[in-house]
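The following exercises concern a two-part model shown below. Each task is followed by a solution that proceeds step by step.

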Amino acid sequence: MFCIQCEQTIRTPAGNGCSYSQGMCGKLASTSDLQDLLIYMLQGVSLYAARLRPFGIIDTEVDTFVPKAFFSTLTNVNFDDERIVEYARTAAALRERLQTQYQSLCSESGIAVETFPAAATLLLATTKPELLAQAKQALPNRGEVNEDILGLRLLCLYGLKGAAAYMEHARVLGQTSSDVAGKFHEIMGFLATDSEDADKLFSTAMDIGQLNYQVMAMLDSGETAAFGHPEPTQVNTKPVKGKAILVSGHDMKDLELILQQTQDKGINVYTHGEMLPALAYPQLKKYPHLVGNYGSAWQNQQQEFANFPGAVVMTSNCIINPNVGHYADRIFTRSIVGWPGVCHLEGDDFGPVIDKALALEGFKYDEIPHLITIGFARNALMNAAPAVVENVKNGSIRHFFLVGGCDGDKAERSYFTDFAKAAPKDSVILTLGCGKYKFNKLEFGDINGIPRLLDIGQCNDAYSAIQLALALSEVFECSVNELPLSLVLSWFEQKAIVILLTLLSLGVKNIRTGPTPPAFLTPNLLNILEEKFGLRNVSTVAEDLDCILGAA
Amino acid sequence: MTISAQALNAATAHFMAKDWQAEPLRLICTARWMETPDVVSFRFRAAEPLKFRFKPGQFITFQLEIGGEILHRSYTISSSPSRPHSLMVTIKRVSGGKVSNYLLDNLQPGHSLLAMGPFGEFNLIDIPAARYLFLSAGCGITPMYSMSRYLTDTLGPEADICFIHSAKTQQDVIYRDSLQAMANHHDGFALGLLLQHEAPSRLLADARCYQGYLDESVLRQLAPDFYERTVYVCGPERFMVACKKLFESLGFDMDHYHQESFGMVMPMHPNNTATNAFYSLRVAEQSTQLRAEQTLLEGIEAMKLPIIAACRSGVCGACKCRVAEGEVTSSSQQTLTAEEIAAGMVLACSSRPLSDVKLVL
């Protein structure tokens, strides 16, 4: 195996990347290899899909399937070899369908059939050992390649994977775009060419960022159309007495189905991790049995799920080994998520989850509620904007920090807690993603009624943060980079990578990221990113604050 | 009149309930009410019927998770074991009081929390006496209230209690009505009140009530036979220091003078500027950083090293350990013998670093 896509990947003086029998995430080498093979097959599908578009041929099944299956290879999503192989077989079938169409179109219109990279023609083997042998040619570090070029390819690959995940999230909410899908296929196909053109790879990374900006806008309108605009909401983060279902991941459609099906059943529903922002959407918070949030970010799930006396549903990333905490029999996976031996639910019926929750003990007691305020997405921020602007003008607010992204279990991540705590009292902290759990239960107070901690939402709600920044830049008649706004982003996996690409492609400068730079970015690439965008890794809290506020 | 089978069973279950064994226990709040504008009492029951058996004057330790942090705080049990089916705790709002204020703001009937205990040597059983003089101020009234209730419930007219309580104003007198009732119903219970910030009104006419601080003349008026009593003192640090000085100056036999030393003690920050100091804490092969205001216990727990810390208040002695190198300051040395202290033993929960420290567990 070779996998270097997330923050916890192995780093040694000899080289970076998980390349032994198991990744640091627990993914087995076979799973990793099969995922590489799947991506390779998906690239083959995209090659044809992109070529067919000028002929006006758009296969919506393909447009749906490719990003969705790609999503299954994201960190902590699917660990089930059989499911991955199934996806690869579907990809092979779809590719054949497109290939046939393409070839017949070419012969009909007398156009020469193009030569495609090997991903377009690889004949998928039948048995698992054969598939694993085939996977060698699909490794992300395949071939002899300069390490900077490899780094750029991986930046594109992982960035596009993040965008694919958001495309699937948007599609679930009925938001699709033929243009976006077309662009996606074009880039996905390009990555199969193993390009060595640094400029082209770099501009592709920026294209991915731009593409993702469109996807996040689609996702935003999908979520707000389905569930209304998030509104500032106080939510309980402690258990209440009763039977319980815990819903994790990003898919609010699943949460809605669960809420509908558990009505009047005496079951309380809790959000977990990235589902927390759902509690602020009018069409979800209207259910009285959606009682609050339980637990924190994904890396603590083995303990938190073990202690949760009910059923758990993983609607998307992140899942980690459920056998450690002995709850594999009461956790359910959805969509692209998978774990061998864990019940996977297709369709809209959550009956097995409900039965499981009813059979389990549930919480025996109410705990003392701990309320936190969430729901400062685009609309709420815009409503607050006049007050915010006034407080900036009268000097009450000196600076804004956007501190968010992914959480993880490395000790260095205490940086983000310390940073939030150390941010001066006349600064406002915006947060999003599961990185917020590093500080979202702390007390920050307010500035003339404006809470100092504003929880914008899920990682993809970076879109809301961008809209606020754009609005502020209009009011203050300056560029976003001239605003008293600093971004301090924590990254763990590919969704964070693509959001970073989006910000960079929008020209946002001087972002700090941490706790460590992605292992696939070489020192040369990091230097270029710093030169071009002022992008740098976090230092110490004191140094970074001095640097930011001293300059502001 | 018919009684439902369920109600009958519940009452029977409580009647048959076992005694509390000292172990972590889930308590469920059944009621809360205001005692004064900044003091609230909470009544608890156990998750399953249970008789709370503890020594009057002892405390329990609550374990709470607030914002991802596990916190422990100890509160005196203000109810009496002579009324064993519920437990009462009385909490005052204090500026910067993270846990106390959290409980006041959030704990409502129906909510549950984890408690450990009972702990504490400041009680009627470990400090036996025949005639009692209780001196308290502010929220320090809580053990005295438990002890008074226990003595009047169990000894009736034989209880010989002189109780002098100090408060800022009349409306700051915690348990005012109950104390008055106790005084009215028990000849052996003599109540005196001292108000610092206002003259007593006629509402308190029944009690012997004075304005001002406890001094020799007030003491002689309210407890003329104080030399023959065993003294129990609880209140803010300043109050306890003043009381001790007064009794020493009167030539009182200090073997019969006892004070509660937890909870009311002011946090030990010699000055606020020192809080930026970091010291290293080493235990065997491991080490961590400790701020000057953190306890050794916090450092030991951060390193996930095995240590038993039951009361976390410098009372039970479970967390004793030896300082091999470096200097610490301790707010309690209870249960430690003179030899242990000489050998460098300290209570991890009550000691803070003054330099880099090396510990032996």
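**Exercise 1. Salt bridges**

Over all chains, the count comes to 35 salt bridges, a salt bridge being a side-chain nitrogen of Lys or Arg within 4 Å of a carboxyl oxygen of Asp or Glu. The model is a predicted one, in which local features need pLDDT of at least 70 and side-chain atom pairs count only at pLDDT 80 or more, whereas totals for chains, interfaces and linings use all residues. Residues are numbered from 1 along each chain as its sequence is written, chains are lettered from A and ligands numbered from 1 in the order in which they are written, and side-chain values use heavy atoms, with hydrogens and water left out.

Task: State which residue forms a salt bridge with A:Lys285, and locate both partners.

Solution. Step 1: The partner of A:Lys285 is A:Glu231, and their closest N and O atoms are 2.9 Å apart. Step 2: A:Lys285 lies in helix α9 (residues 282-285) of chain A, while A:Glu231 lies in the loop between α7 (198-227) and β3 (233-236) of that chain. Helices (H or I, at least four residues) and strands (E, at least two) are DSSP runs, numbered from the N terminus. Step 3: The two residues are 54 residues apart, and the pair links distant parts of the chain.

**Exercise 2. The interface**

Task: Describe the contact of chain B with chain A by residues, area and charged pairs.

Solution. Step 1: On chain B, 15 residues are in contact with 9 residues of chain A, contact meaning heavy atoms within 4.5 Å. Step 2: The area buried between the two chains is about 1000 Å², and carbon and sulfur atoms give 57% of it; buried area is the accessible area (1.4 Å probe) that two parts lose on being put together, summed over both. Step 3: Between chain B and chain A there are 2 salt bridges. In one of these, A:Glu367 pairs with B:Arg26, the closest N and O atoms being 3.8 Å apart. Step 4: The elements of chain B that give two or more residues to the side touching chain A are β2 (25-36), β5 (59-66), α2 (98-106) and β8 (111-119). Step 5: By class, that side of chain B has 8 nonpolar, 5 polar and 2 charged residues. Here Ala, Val, Leu, Ile, Met, Phe, Trp, Tyr, Cys and Pro count as nonpolar, Asp, Glu, Lys and Arg as charged, and the others, Gly among them, as polar.

**Exercise 3. Strand pairing**

Task: Determine how strand β10 of chain A pairs with β8(B), and give the order of the open sheet of 6 strands in chain A.

Solution. Step 1: Strand β10 (residues 366-367) of chain A and β8(B) pair in the parallel sense over 2 bridges; two strands pair if DSSP finds at least two bridges between them. Step 2: In this pairing, A:Asp366 stands opposite B:His111 in β8(B). Step 3: The open sheet of chain A has the order β16-β13-β12-β17-β18-β19, with parallel pairing. Its edge strands are β16 (453-457) and β19 (536-537), each of which pairs on one side only. Step 4: Strand β13 (residues 427-432) of chain A and β16(A) pair over 4 bridges, and A:Thr431 stands opposite A:Asp455 in β16(A).

**Exercise 4. Backbone and overall form**

Task: Locate the cis peptide bonds from A:Gly514 and from B:Gly117, then assess the compactness of chain A.

Solution. Step 1: The bond from A:Gly514 to A:Pro515 is cis, with omega near 5°, and A:Pro515 is in the loop between β18 (512-514) and α16 (523-533) of chain A. Step 2: The bond from B:Gly117 to B:Pro118 is cis, with omega near 0°; B:Pro118 is found in strand β8 of chain B. Step 3: Chain A comes to 17 helices and 19 strands. Its radius of gyration is 23 Å, close to the 24 Å that the globule rule gives for 552 residues, so chain A is as compact as a globular protein of that length. The radius is taken over C-alpha atoms, and the rule is 2.2 Å times the number of residues to the power 0.38.
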